[in-house]
Structure formats: C-alpha cells, structure tokens
Amino acid sequence: MEKSVADQFRQACSVFNIQKKGSIAAMVASLESSAHELARSQQVRQVSGSDNNLVADLRKLWRELARAQLTFWDGDDSETEEGSRHKNQQEDLRTLCISLSKFTRNLVAGIPENQTKVFDNEPDIRRLLHYYTSWSAMEDEKAIVAARVLTQALSNLVTSNDYLIAQLWETYLSLPEDQVVLMWVFWSLVLARRFSSLDESRLLGSPDARTLLTTLIFISNCIHDSKKRTKMLTKTDIGTRICISLLDDMLRLYDAAEGTEGAEAFDIGYGIFSKLIEENLIPDLYKKFMMQDEIITPHQTTLLKLVDSYLQANRLSAGSLSRSELIKLQNSLGPFVTKCFFTLSTYAKQSVQRALGQPGSQRDAQDNGTGTPSNRLSKAESPLVELDVMLPKACEALVLVTQCVTSICLDAEDITMTMSSESNPEENMKAYFNDARASGLGLVESLIELLRILDIFLPRINFGKPVKTETSAPSPLVPTSIPDGAGFSYLKRDLVRLLGVLCHKDRAVQDRTRDVGGIPVVMNLCVVDERNPYLREHALFTLRNILENNIENQKEVNSIKPSAEWDETGTLRERAGVTRK
C-alpha cells in the first residue's frame, strides 16, 4: 500500500541528519516527491495538513535549516580543501531549502487551515530569504532560484487569508529597514552610515524577472481589498521605501517584451500603483519623494508618468471606472496636478528668464494691447546668462502634469454632456482648472506666459535644424538635434493643446486669452516643429477654439498682418511697410 504524504515525510524526518550529505539527499528526494503529490490534489493537501505530527516535523525542519544555513555567512570560501567542503555543504543546504520551500508552498496552497498551522515558520522563511537576497547571493543562479521559491512559499502562506495577511503586512512594514526582505538598500542610507556596505539586494532588487513577478504578486495580494494595508505603503517609512523600489522596477521592466514574465511583472506593478491612485494616495507619496533644493526628483517623475498613463487609460469612453468613481478620482487629483502645474511652470519661467537675463515678471510691457513682447525679451544676440541643469527635468515633469490636466478636462467635458441640469456644477473639473490661481495668477495666464517665453527660448526644429526667428535667442542649453532635446520634447505642443481644451466653449477663458496677448502667441505656434510633433495642428485647433463665437478675438486676428512671406526660392523675407505685432 502506497504511503501517504504525511507518512513519507514523518519517516524522512525520523532519520534525517542535516550534517550528513547522504541524509540531505534522501530528504530532498522525499520532499520533491511529496511536493508533486501535494500539487496534484487539494484533498491530499487537506489530509496532510490535518496531521499535527507533520506540522511539528515541518516546524523543526525549517528551524534546523535556518540555523544551519545562516551559520555559513562567515564561513571559509577559500580554495583550500576545507573551503571546498564548506562550499559543497552550502550547495546541499541550498538544494534542501528549495525542496522544502516547494513542499511548504504546495502544502498551504488554497487551504486556510494549513496556512494557519504552518504560519509559525514565517520568521525562518524570512531569515532565509534575507540570506538568499543579499547582493552576493543574487550573483548565483541557484541562489536566485532559492529566493524565488521561498517567495512563492511565503506568498502561498498568506494568500486569501486576510487575518494572516494583516499580521504579516503590519510586521513587514514595522521591521527595521535592514531586515525587510522586500526592498533594497540605497546609497543614501550607506552615505548616512545607516548601513556599512551595499551588500544588500533583496527581492525588489532581484535581476530575475520571475522573482520580481512573484514578489509583485505577493505585494498585490497583500493590499488587495484593503484600504488600510494600501495606505500603509504611503503612510509608513518602510512603505515609502518599498514604493521607491517599485518605481525603480517599473522603469526597468518598461521595455520588457510582450508576453514575457518581465512584461507580466510590469502589469502587476502598474496595478499596485493604480490602487494607490484610486485611494487618493498619490499626493502624499509625491510629497515624500521631495528632496531639498530639487524642483523634481526622478521618482516623482516616474510617479507622474504612471498617473498620466492611468488617466489616459481610463478615459470615460474606454475606461472601467463608473461616472461616480471618475468624478471622485478627478476631485482628488485635480488640486494635486494644479499645484504641480503652478510649481513647475513658475520654476520653468523663472529659469528661462534667468537664462535670458530677464527680470522676473508675469509679462513684459505690451504695445497697444496687442501682446507684443518687449524688446528685452527679443534680444536675439544676448548670450545666456545662467544655465539651469534642472530645467529639462522640470519641463519633462511639466509635460506629464499638462497631459494629466488635459485628460481630466476632457473627461469633465464628457461628463458635462451627460449631466442633467440638477447636477452639481462643482463636478466639472474643467471649471476648477479655469478658476485656479496661484499668487494672483490664473492657470490660463500662467500657461500663456510660459508659452510666450518658451517660443523665444526654444527655437523650433525643422529638418533637424533650429529655425532662426527674430524673437529667438541663441540657446546653447537646448541641443539642436531632436534626440538631445529630452525634457523639452512635446512641451509647447501639450501646453497649447491644454489651452485649446480650456478655451473650448468658454467665453470667459477666450477673453482672458485675448487680454493677456495669448492670440499672437498661439498664432506663432502654427508651425512645424520636430521637437513638438503635431504642434501646428494643435495650435490651429486651439486658435479655432479661441475664436469660436467671439467677435473681439476674430477682430484681433484680422488686425494682425504677416510681417514676412516666402519668396520663390523658399526664403522668408520681410514685407515692406508692415509693422510687426
């Protein structure tokens, strides 16, 4: 009669000696065979888990393995005979760890009673994970396999068991930083002398896509259907550090080929951040990523990319959110992206003004209300006074924020079209953005002023070369080739597109645009610019929205005559007797 899994395991444990190579091999063979049996049948798992002797033997084996494995941290790795013996014993223990992890993983899978009985082994599993996720261990392929299977065992130990998940999650997010197996240690901590070396990698720093996938599934399961555990990712120091590691992984996994484990891991990570967005936790997380004297940090930029992607993927016409959920999301994100827009646009304007040697101001003097920039803003021969290395990064983030505002406004218009007359007008976030002000300056006015100065600072690119205009200042800060223009790409295009959305069927915003000289600014953007694909089309659409049913704005456009024209040779020549506006 074939022995049960519990009988096989009990017999193997009764003669096991962790100091003997042959005994370890016999135990590994027994564990592998039993693991296959457990994987095939839920009934076998239930019967095996009901055997208290099996549970006790399993507890003893995990404790013994952890004690034996961790004594090798400072062992002899030399090429001597003793060193070789030590290395072989390490390999034997690693093989045993992999087999025991498989056995435990399969024993608890989908059986809450087994999970509860076996959960006492979690501290030893965590200690072994800590060992196998060190920087040096992660250089060994077999150690990576051990870390992956240990993670699978840990994940199965708590999956769908809310009580155990809560207990484990709260423990992990309250541990000392150097004991948390999920995240990796950063240079900032080493420089702060919180750790003596960089001999740390941990699960989210694993070079193995399968291990990352397992880890992300584990984290996703831990926060599933729990606002409290989700909030802990942003409310605790360890949670914030885990989010930083997650953002680094999202960047690493972004280019993973479709259908690979890396791409699947990216999707799981995206789902985790989608949960944070839906719980309105992004503003707090963004704030925690701030650094003194830095307008924007890399992790803030990555976070904005995820928010922008989420908003575009969940447009009302194609997204999975209900109307009430969408309105709630807009109301939570609106103030956040508005503050980001004012902060980044103000920084960009001031930085460009310093580069051009201009005094800070909302707008230079106007001539006859036409919105013509003063001569101080059009000194084409003035060299740059100051170079701001953070300006491209700030502009890259500003593009993302602008796209977020645009997405919210477009959704708001869709909602308005389906709203009844009794609906709350505060639900329209487009009106919120149009009314938003900072330091007495409206969002529309800030946007136009930034476009005006950027048109001077960033000459448009045509056929790979900058197009010189009378209002363009030489800008060695901005490379003339497209690949080197990172940070400034799409900036003018997305800003003018947002202006067009804000102006759409809104007479007050149309008039405000005219009052601050925005019409000539938009007309100047009706050009081809390789740094801003489809800039001309977006500018024309914006101009259309500015002029729609607005006679005063139409008269302004009619009063503006072209100051130059293309001759037969393709050269732009000034027209005689025309005053430039």
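**Exercise 1. Are Lys 430 and Glu 413 buried or exposed? Work out how the two are paired and where they lie.**

Solution. A friendly reminder before we start: this is a predicted model.

- Step 1: Look at the surroundings. Lys 430 is buried, and Glu 413 is buried too.
- Step 2: Look at the pairing. Lys 430 and Glu 413 form a salt bridge, and their closest N and O atoms are 2.6 Å apart.
- Step 3: Place the partners. Lys 430 belongs to helix α19 (residues 429–435) and Glu 413 to helix α18 (residues 391–418), so the salt bridge ties together parts 17 residues apart in sequence.
- Step 4: Set the pair in context. A search of the whole structure gives 31 salt bridges.

**Exercise 2. Describe helix α21 (residues 491–503), then follow its residue Lys 492 to a salt-bridge partner.**

Solution. Begin with the helix, then move to the side chain.

- Step 1: Check the length. Helix α21 has 13 residues and reaches 19 Å from its first C-alpha to its last, close to the 18 Å expected at 1.5 Å a residue.
- Step 2: Check the burial. Because 12 of the 13 residues of α21 are buried, the helix is largely enclosed by the rest of the structure. Among these buried residues are the charged-group carriers to look up in your viewer: Lys 492, Arg 493 and Asp 494.
- Step 3: Find the partner. The side chains of Lys 492 and Asp 529 meet in a salt bridge, at 3.8 Å from N to O.
- Step 4: Place the partner. Asp 529 sits in the loop between α23 (518–524) and α24 (535–547), while Lys 492 is in α21, so the pair ties together parts 37 residues apart in sequence.
- Step 5: Apply the cut-off for burial, which is under 20% relative accessible area. Lys 492, at 2% relative accessibility, counts as buried. Asp 529, with a relative accessible area of 3%, is buried as well.

**Exercise 3. Which residue with a positive phi follows α21, and what does its side chain meet?**

Solution. Step just past the end of the helix.

- Step 1: Lys 505 follows α21, and its phi is positive, near 55°.
- Step 2: The side chain of Lys 505 meets that of Glu 548 in a salt bridge (3.4 Å, N to O).
- Step 3: This pair links distant parts of the chain, 43 residues apart: Lys 505 is in the loop between α21 and α22 (507–515), and Glu 548 in the loop between α24 and α25 (551–559).
- Step 4: Now compare accessibility. Lys 505, at 60% relative accessibility, counts as exposed, whereas Glu 548 is buried, with a relative accessible area of 18%.

**Exercise 4. How do helix α8 (residues 141–158) and helix α9 (residues 162–172) pack, and where is Thr 151?**

Solution. Take the geometry before the side chains.

- Step 1: The two helices pack at an angle of about 130°, with their axes 8 Å apart. α8 and α9 are therefore oblique to each other.
- Step 2: Leu 154, Leu 157 and Val 158 in α8 meet Leu 164, Ile 165, Leu 168 and Tyr 172 in α9. The residues of this contact are seven nonpolar, with no polar and no charged ones.
- Step 3: Thr 151 is in helix α8. Thr 151 is buried, with a relative accessible area of 1%.
- Step 4: Leaving out residues up to four places away in sequence, Thr 151 touches Leu 129, Leu 203, Thr 214 and Thr 215.

Methods
Residues numbered from 1 in each chain as written. Predicted model: local features only at pLDDT ≥ 70, side-chain atom pairs only at ≥ 80, totals over all residues. Heavy atoms only, no water. Axes fitted to C-alpha atoms, helices over the stretch in contact; angles between N-to-C directions. Helix = DSSP H or I, 4+ residues; strand = E, 2+ residues; numbered from the N terminus. Parallel < 35°, antiparallel > 145°, perpendicular 65-115°, else oblique. Contact = heavy atoms within 4.5 Å. Nonpolar A, V, L, I, M, F, W, Y, C, P; charged D, E, K, R; others polar. Expected span 1.5 Å × (residues − 1). Buried < 20%, exposed > 50% of the residue type's maximum accessible area, 1.4 Å probe, protein only. Salt bridge = Lys/Arg side-chain N within 4 Å of Asp/Glu carboxyl O.
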